[in-house]
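Trainee: I have a model open and a pile of labels to make sense of. Can we go through them one at a time?

Mentor: Sure, put it up and ask away.

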Amino acid sequence: MMSHGQREALLVWWAQVLRQDLLEVAHHRMGVMNWQDMNASGEAFFISEVLAPFFVRRGTAPPVIFDVGANTGTYSEVLLSKIGACQL
C-alpha cells in the first residue's frame, strides 16, 4: 500500500509526464473558466438547486438580483425563469 506522500509524488510525476497543470485540471473539473454554456460552468445547477430553493424557503419579498456581468443576458433569463418573482 502506498503512503499519502507516495501517492502525491506519483500524481505529480504523472502530471509532468502528461504535461498537465494539476491546478488547471482541478479548476476545470469545478467549472472554473468553462465558458461553453451554463451547464458546463455550473451556473445552471447553482440557480436551480441553490438560489431558487433558498428564495422559496425564505418566503419574504421578491429578491433583487444584480447581474453585473450581463454579456448576452442568458444568466438573467434563467434567473427570471427559475425565480420568477425576482427583480433584476
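Mentor: We'll take the whole chain to start with, then the aromatic pairs, then some single residues.

Trainee: Before that, what are the ground rules?

Mentor: This is a predicted model, so local features need pLDDT of at least 70 and side-chain atom pairs count only at pLDDT 80 or more, while totals for chains, interfaces and linings use all residues. Residues are numbered from 1 along each chain as its sequence is written, and side-chain values use heavy atoms, with hydrogens and water left out.

Trainee: What makes the pattern of the chain α-α-α-α-α?

Mentor: Helices (H or I, at least four residues) and strands (E, at least two) are DSSP runs, numbered from the N terminus. The chain has five helices and zero strands, and reading along the sequence gives α-α-α-α-α.

Trainee: How do you know how the chain compares with a compact globule?

Mentor: Use the radius of gyration, taken over C-alpha atoms, with the globule rule of 2.2 Å times the number of residues to the power 0.38. For 88 residues a compact globule would come out near 12 Å, but the chain has 19 Å. The C-alpha atoms fill a box of roughly 55 × 30 × 15 Å along the principal axes.

Trainee: And how much of the chain is buried?

Mentor: Buried residues are 19% of the 88, where buried means under 20% relative accessible area, exposed means over 50% and partly exposed is in between (1.4 Å probe, protein chains only).

Trainee: What share of the contacts joins residues at least 24 apart?

Mentor: Contact means heavy atoms within 4.5 Å. Among contacts between residues at least 6 apart in sequence, 38% join residues at least 24 apart.

Trainee: On to the rings. How many aromatic pairs does the search find?

Mentor: Two, over the whole structure. Rings of Phe, Tyr and Trp (its six-membered ring) pair if their centres lie within 6.5 Å; planes under 30 degrees apart are stacked, over 60 edge-to-face, and the rest tilted.

Trainee: Why is the W13 and W14 pair called edge-to-face?

Mentor: The ring centres of W13 and W14 are 5.0 Å apart and the planes sit at 70°, so the pair is edge-to-face. The other pair is F54 with F55, also edge-to-face, at 5.2 Å centre to centre and 65° between the planes.

Trainee: How do you know whether those tryptophans are buried or exposed?

Mentor: W13 has 45% relative accessibility, so it counts as partly exposed. W14 is at 43%, so that residue is partly exposed as well.

Trainee: And what are F54 and F55 called?

Mentor: F54 comes in at 38% and therefore counts as partly exposed. F55, at 17%, is buried.

Trainee: Let's look at helix α5. Why is S76 called buried?

Mentor: S76 has 16% relative accessibility, so it counts as buried. S76 is in helix α5 and, leaving aside neighbours within four places in sequence, touches D67 and L88.

Trainee: What makes Y75 partly exposed?

Mentor: Y75 has 22% relative accessibility, so partly exposed is its label. Y75 lies in helix α5 too, and beyond neighbours within four places in sequence, Y75 is in contact with M38, E43, F46, I47, L51 and D67. The C-alpha atoms of Y75 and E43 are 8.0 Å apart, although 32 residues separate the two along the chain.

Trainee: Why is V78 called partly exposed?

Mentor: V78 sits at 21%, so it counts as partly exposed. V78 belongs to helix α5 (residues 74–82), and its contacts beyond four places in sequence are M38 and I47. From V78 to A44, 34 residues apart along the chain, the C-alpha separation is 7.7 Å.

Trainee: And how far is V78 from V17?

Mentor: Those two are 61 residues apart along the chain, and their C-alpha atoms are separated by 42 Å. V17 lies in helix α1 (residues 4–18) and, at 42% relative accessibility, counts as partly exposed.
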